[in-house]
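Trainee: I'd like a close look at a single part of this model, please. Could you walk me through it as you would at the bench?

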Amino acid sequence: MNSGLVHAVQLDGLGGALELNDLQSVAQLQAQNKPIWLHFDYSANDTITWLQAQSYLQEWEWQALTTDETRPRVTQAEHGLLLFLRGVNLNPQQSPEDMVSIRCFVNENLLITLRKRQLMSAQDVLQSLKHKKGPCDIADLLSSLVQRLTSRMQDVIYQIDEQLDAFEDCLDNHDGQIDAGVLSTTRRQTIALKRYLKPQKVAITELVDCQPSWLNDSAIHKLDEANNALSRYVEELESAIERAQVIQHSLSNQLSEQLNQRMYVMSVVAALFLPLGFLTGLLGVNIGGIPGTESPYAFALFVVSLCLLTGGIGYYFRAKHWL
């Protein structure tokens, strides 16, 4: 039993599938041109061993399928196509922008998919096969998988838009404080998603353009629809990046304005008390000749004079519209 095998099914051509318990019967089914979908965990040693043993996979092909890092692309192989895609990470306590890589080897009757972390899109397609509402052939299977990968991105992108809408409402209404950390996280998520969605769109376009013989019109239509959705998502992400930049700039301006207002108030207060401090300091020196030392009314007159001086300075500031 291969410990890296997640599931193995044979499509029945009617929307359902027959589950294969092991890989021993795969070669025989391939000889009979039966459509087969094999889904592996590429981090398992058994998976690498099995891939090495397949005569239709060259060394560079299985190495590309099991490498640690990939970017979305399509590559012509000797007996099929290599397709590398990404899906949003919807696993618990994981960040959506940490996208899950799925690697595919596909030809007319065989689809091998490999992933390391669980991918919900592959489970969606498998469930549709179990309910006999799934794809009927390999081309339909591949296009359905691409569609599920694309549709799973929609909710994540809508959440980013809603978060930015909330930030913009907060700025417009001045009814709350924007968390700069949350804004930075949202912007980082947006940039990370765009990093993979743009080349994924190109990869799907190249898959359609290379026109393999097994890719029928129905599958091409599904791939085109997925590509159109990806185009819209990329545009929305680009718009979200610009919106986040504007919000961040507005937030910086708002904080700078608040700081300037506080500094202005402190400067006005300092200007009001500067003459008072000078006079009290001048009369507080311990030398002879200070006026009023012998008069019982000198302190009261001095206090009244300070009040009048403060009022006069305040009136002057008011007249100059400094207050």
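Which is Arg 86, buried or exposed, and what is its relative accessible area?

Mentor: Happy to! This is a predicted model, in which local features need pLDDT of at least 70, side-chain atom pairs count only at pLDDT 80 or more, and totals for chains, interfaces and linings use all residues. Residues are numbered from 1 along each chain as its sequence is written, and side-chain values use heavy atoms, with hydrogens and water left out.

Arg 86 is buried, with a relative accessible area of 6% (buried is under 20%, exposed over 50% and partly exposed in between, using a 1.4 Å probe and protein chains only). Its side chain meets that of Glu 69 in a salt bridge, at 3.7 Å from N to O (the rule asks for a side-chain nitrogen of Lys or Arg within 4 Å of a carboxyl oxygen of Asp or Glu). This pair links distant parts of the chain, 17 residues apart: Arg 86 sits in strand 5 (residues 81-87), and Glu 69 in the loop between helix 3 (59-66) and strand 4 (73-76). Helices (H or I, at least four residues) and strands (E, at least two) are DSSP runs, numbered from the N terminus. Unlike its buried partner, Glu 69 counts as exposed, at 60% relative accessibility.

Both residues also belong to the lining of the largest pocket: among its 13 lining residues, Tyr 42, Asp 68, Glu 69, Arg 86 and Arg 117 lie nearest the centre. Here a pocket is an open set of points on a 1 Å grid over the protein atoms alone, where a 1.4 Å probe fits and protein lies on both sides within 12 Å along at least five of seven lines; lining residues have an atom within 4 Å of a point. The lining divides into eight charged residues, four nonpolar and one polar. Strand 6 (residues 100-106) gives the most to this lining, with three residues.

For comparison, look at another of the ten salt bridges. Arg 243 pairs with Asp 161, the closest N and O atoms being 3.7 Å apart. Arg 243 lies in helix 7 and Asp 161 in helix 5, so this pair ties together parts that are 82 residues apart in sequence. Arg 243 counts as buried at 18% relative accessibility, and Asp 161 is buried with a relative accessible area of 18%. A network of salt bridges links these two with Asp 165 and Glu 168.

Terms used:
Ala, Val, Leu, Ile, Met, Phe, Trp, Tyr, Cys and Pro count as nonpolar, Asp, Glu, Lys and Arg as charged, and the others, Gly among them, as polar.
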